[in-house]
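This briefing goes through one chain and its ligand, moving from the overall fold to a helix, some loop positions and the ligand shell. Please keep the structure in view while reading.

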Amino acid sequence: MHLLRQVHQQLSVRSDLRNFAGVRRAAAGAIFEISQVFDVLQRLREGEKMVAVVAPAILGQYNAPTEKVYGAIKAIGFEDVIEVAQGAMETIRNEGAELEEKIEEGQAFMTTSCCPSWVELANKHIPEMKPFISSTGSPMYYAARIAKEKHPDAQVVFIGPCVAKRKEARRDECVDFVMTFEEINSIFDGLGIEVATTDPFPIPFVSTRAAHGFAQAGGVMGAVQLFLTDNNRPQVEGIQVSNLNKKNVSLLRAYAKSGKAPAKFIEVMACEGGCITGPSTHNLHDAGKRQFAKELAKR
Ligand code: SF4
């Protein structure tokens with residue numbers, strides 16, 4: 001229990017400082033936060049096999065090479081670390097194909113579906129938008145299936161910057177738990193794990209730079225457009241809507257009600273800069289963006 005108490009102390013201090021921003025940003029999708037940290041730690045203590053699937057925004061969370069961050073996550077007791085960017089590659093392929101199909105069928109436009117706050121908001125407050133939202137799974141959805149295939153006897157823990165993923169995970173039988181970057185950092189603090197001095201856990205670079213780019217605003221749209229170009233498909237004009245403030249929600253509502261939009265493909269992210277500025281990031285947003293760009297350049 002000593003370990004759990006240490007982590008609890010770290011979480012309490014950090015929550016006081018950070019929860020307000022997180023709750024405020026998640027409010028658009030009516031998400032509330034119930035931590036699963038202790039469920040995960042308890043299972044790890046009991047020797048259950050757990051696999052971490054880590055969102056691409058991790059590249060910007062520490063002033064350290066990403067392999068060291070993965071090493072620190074592994075040091076908590078995870079069996080393996082799998083990049084959600086691998087799942088993003090499936091999202092790119094499927095969303096690109098779906099976009100082409102919808103356009104051929106005469107649909108006026110299609111929005112992305114990987115931000116659960118956006119999907120939740122649209123379902124609750126803009127019902128006319130439902131037919132325009134992509135039905136493609138999010139990177140977490142596909143990454144969890146990659147993890148379950150590789151480790152059929154393991155529990156899958158998604159680690160990312162987003163409290164809204166908890167709700168998405170409740171509908172996904174392949175995601176057992178969700179933890180945020182804030183929470184994972186509290187565990188590092190509680191266990192005395194120093195990212196800078198931890199042994200790296202190298203992961204083969206099997207996912208593309210575009211797939212990691214999902215973490216920043218414009219990344220999903222750019223990746224799908226690149227996929228179409230690479231496959232000699234006709235290009236599709238896109239626009240990007242990040243920050244679901246009143247003005248942007250009104251704009252999206254108008255597109256849905258009129259069935260007309262300025263572009264055929266609309267990337268929608270609830271957070272202003274995309275997931276890299278998500279509600280439960282560990283790093284400060286500007287520093288996170290700089291570090292993300294540095295790590296992304298290695299991919
Ligand atoms: S932009 Fe990313 S971090 Fe923000 S709510 Fe959407 S999925 Fe979560």
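Two residues are taken to be in contact if their C-beta atoms, placed from the backbone, lie within 7 Å, and the packing of helix α11 described below rests on that criterion. The model is a predicted one. Its chain holds 12 helices and 7 strands, and buried residues make up 49% of its 299 residues.

**Overall fold and core**

- Among the contacts in the chain with a separation of 6 or more, 78% are accounted for by residues 24 or more positions apart.
- The largest nonpolar core has 84 residues, and those with the most contacts inside it are V53, I73, F158 and I159. Helix α6, made of residues 139-150, gives the most to this core, with 7 residues.
- In soluble globular proteins, nonpolar side chains tend to be buried together.
- I73, one of the core residues with the most contacts, is in contact with A52, V54, F78, V81, I159 and I184 once its neighbours within four places in sequence are left aside.

**Helix α11**

- The 13 residues of α11 should span 18 Å at 1.5 Å a residue, and the end C-alpha atoms of the helix are indeed 18 Å apart, so the expected and modelled spans agree.
- The buried residues of α11 are L252, Y255 and A256; seen down the helix axis, the buried residues fall within an arc of 95°, and therefore they line one face of α11.
- These buried residues of α11 pack against β6 and β7, the latter comprising residues 265-269, whereas K246, K247, S250, A254, K257 and S258 are exposed on the other side of the helix.
- After α11 comes G259, which has a positive phi, near 70°.

**Positive phi outside glycine**

- N232 has a phi near 55°, a positive value in a residue other than glycine, and N232 is located in the loop between α10 (219-230) and β6 (238-242).
- Because 6 other C-beta atoms lie within 10 Å of N232, and 12 or fewer is the cut-off for exposure, N232 is classed as exposed.
- N243, likewise not a glycine, has a positive phi of about 80°, and N243 is placed in the loop between β6 and α11 (246-258).
- With 18 other C-beta atoms within 10 Å, N243 is partly exposed, because that count lies between the limit of 12 or fewer for exposed residues and that of 20 or more for buried ones.

**G219 in helix α10**

- G219 belongs to helix α10 and is buried, because its 25 other C-beta atoms within 10 Å meet the cut-off of 20 or more.
- Not counting residues up to four places away in sequence, G219 touches G213, F214 and G274.
- The C-alpha atoms of G219 and R209 are separated by 9.9 Å, the two residues being 10 residues apart along the chain.

**Ligand surroundings**

- The ligand is surrounded by C115, P116, S117, P161, C162, A164, M269, A270, C271, G274, C275 and G278.
- The shell around the ligand divides into 9 nonpolar residues, 3 polar residues and no charged ones.
- G274, one of the residues surrounding the ligand, is also among the residues that G219 touches.
- M269, another member of the ligand shell, falls within the residue range of β7 (265-269), one of the strands against which the buried residues of α11 pack.

Key
Residues numbered from 1 in each chain as written. Near = placed C-beta within 6 Å. Nonpolar A, V, L, I, M, F, W, Y, C, P; charged D, E, K, R; others polar. Helix = DSSP H or I, 4+ residues; strand = E, 2+ residues; numbered from the N terminus. Core = buried A, V, L, I, M, F, W, Y, C linked by C-beta atoms within 7 Å. Expected span 1.5 Å × (residues − 1). Arc of directions from axis to C-beta.
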